[in-house]
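Visitor: Please look closely at one part of this model, the side chains that pair up through rings or charges. Take it slowly, and say where each one sits.

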Amino acid sequence: MKKIFFVTLFLILALFTNVSANEEYFNKGLNLFDKENYEKSKFFFEKDIVFNPKKTRSYLYLAKIYNLTEKVVEEEKNLNAVLLLEPINEEGAIMLIELKLKNSDFSKVKTLLNDFEKICKKLCYKTKEITKKLKIASAAKKKLKKYYL
């Protein structure tokens, strides 16, 4: 009976210790990110993903790091992971829309923007900004087509 009690106690303590350590990885990464130490913060966000693969926050911060370091493919992978795990993540959706707009993928921007309008609660004002940017970019693309044709 004593053995069962100690084994149970040990398992409970190990579980709580592991959970707090996992939170610590994200917090360290966030602290380093705020200090603009992106390389070290990336390490802690990746470590957090190992222990919490279904939590979107580390994927989102990795996408922000890749955005700042202009690693477009990695940024898109992490944003897709955010939206796969949490389709209503507004910040991730906006970041992906802006990335697609930057890459002139206008049809994808329109699709993502329509999806975003269905889920937005806090960042709805961004739809007007993006729609305006989309119109300007589309018009510029049409002018270039006319010029080269």
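**Rings, charges and a short helix**

Guide: Tyr25 has a relative accessibility of 18%, so it counts as buried. The model is a predicted one. Tyr25 is a useful place to start on the rings, of which the structure has 7 aromatic pairs. In one of these pairs Tyr25 is stacked with Phe51, with 5.4 Å between the ring centres and 20° between the planes. Tyr25 belongs to helix α1 (residues 2-34) and Phe51 to helix α2 (residues 38-51), so this contact ties together parts that are 26 residues apart in sequence. Phe51 has a relative accessible area of 37%, which means that it is partly exposed.

Phe43 and Phe44 make another aromatic pair, this one edge-to-face, with centres 5.3 Å apart and planes at 75°. Phe43 is partly exposed at 45% relative accessibility, whereas Phe44 is buried at 17% relative accessible area. There is also one aromatic cluster, made up of Phe26, Phe33, Tyr38, Phe45 and Tyr61.

Two rings of that cluster also have a charge over them. Over the ring of Phe26 sits the charged end of Arg57, 4.3 Å from the ring centre. Over the ring of Tyr61 sits the charged end of Lys64, and here the distance to the centre is 4.4 Å.

Lys64 has a second contact, a salt bridge with Glu91 in which N and O are 2.7 Å apart. This bridge links distant parts of the chain, 27 residues apart: Lys64 is in helix α3 and Glu91 is in helix α5 (residues 90-102). Lys64 carries a charge and yet is buried, with a relative accessible area of 17%. Its partner Glu91 is partly exposed, at 34% relative accessibility.

Now for the helix that holds Lys64. Helix α3 (residues 57-68) has 12 residues, and the distance from its first C-alpha to its last is 17 Å, close to the expected 16 Å. It is mostly covered, with 9 of the 12 residues buried. Among those buried residues are Tyr61 and Lys64, as well as Leu60, Leu62 and Ile65. Following α3 comes Glu70, which has a positive phi, near 60°.

Turning to the charges in general, the structure has 9 salt bridges. One of them joins Lys100 to Glu76, with the closest N and O atoms 2.7 Å apart. Lys100 is in helix α5 and Glu76 is in helix α4 (residues 72-85), so the bridge ties together parts that are 24 residues apart in sequence. Lys100 is buried at 11% relative accessibility, while Glu76 is partly exposed, with 22% relative accessible area.

Another salt bridge stays inside a single helix. Glu24 bridges to Lys28, with the closest N and O atoms 3.3 Å apart. The two are 4 residues apart in helix α1, so about one helical turn separates them. Glu24 is partly exposed, at 41% relative accessibility, and Lys28 is partly exposed too, with a relative accessible area of 38%.

Last comes a network of salt bridges, which links Glu23, Asp48, Lys55 and Arg57. Arg57 has appeared before, with its charged end over the ring of Phe26.

Key:
Residues are numbered from 1 along each chain as its sequence is written. This is a predicted model: local features need pLDDT of at least 70, side-chain atom pairs count only at pLDDT 80 or more; totals for chains, interfaces and linings use all residues. Side-chain values use heavy atoms; hydrogens and water are left out. Rings of Phe, Tyr and Trp (its six-membered ring) pair if their centres lie within 6.5 Å; planes under 30 degrees apart count as stacked, over 60 as edge-to-face and the rest as tilted. Buried means under 20% relative accessible area, exposed over 50%, partly exposed in between (1.4 Å probe, protein chains only). A charge sits over a ring if NZ of Lys or CZ of Arg is within 6 Å of the ring centre and within 35 degrees of the ring normal. The expected span of a helix is 1.5 Å times one less than its number of residues. A salt bridge is a side-chain nitrogen of Lys or Arg within 4 Å of a carboxyl oxygen of Asp or Glu.
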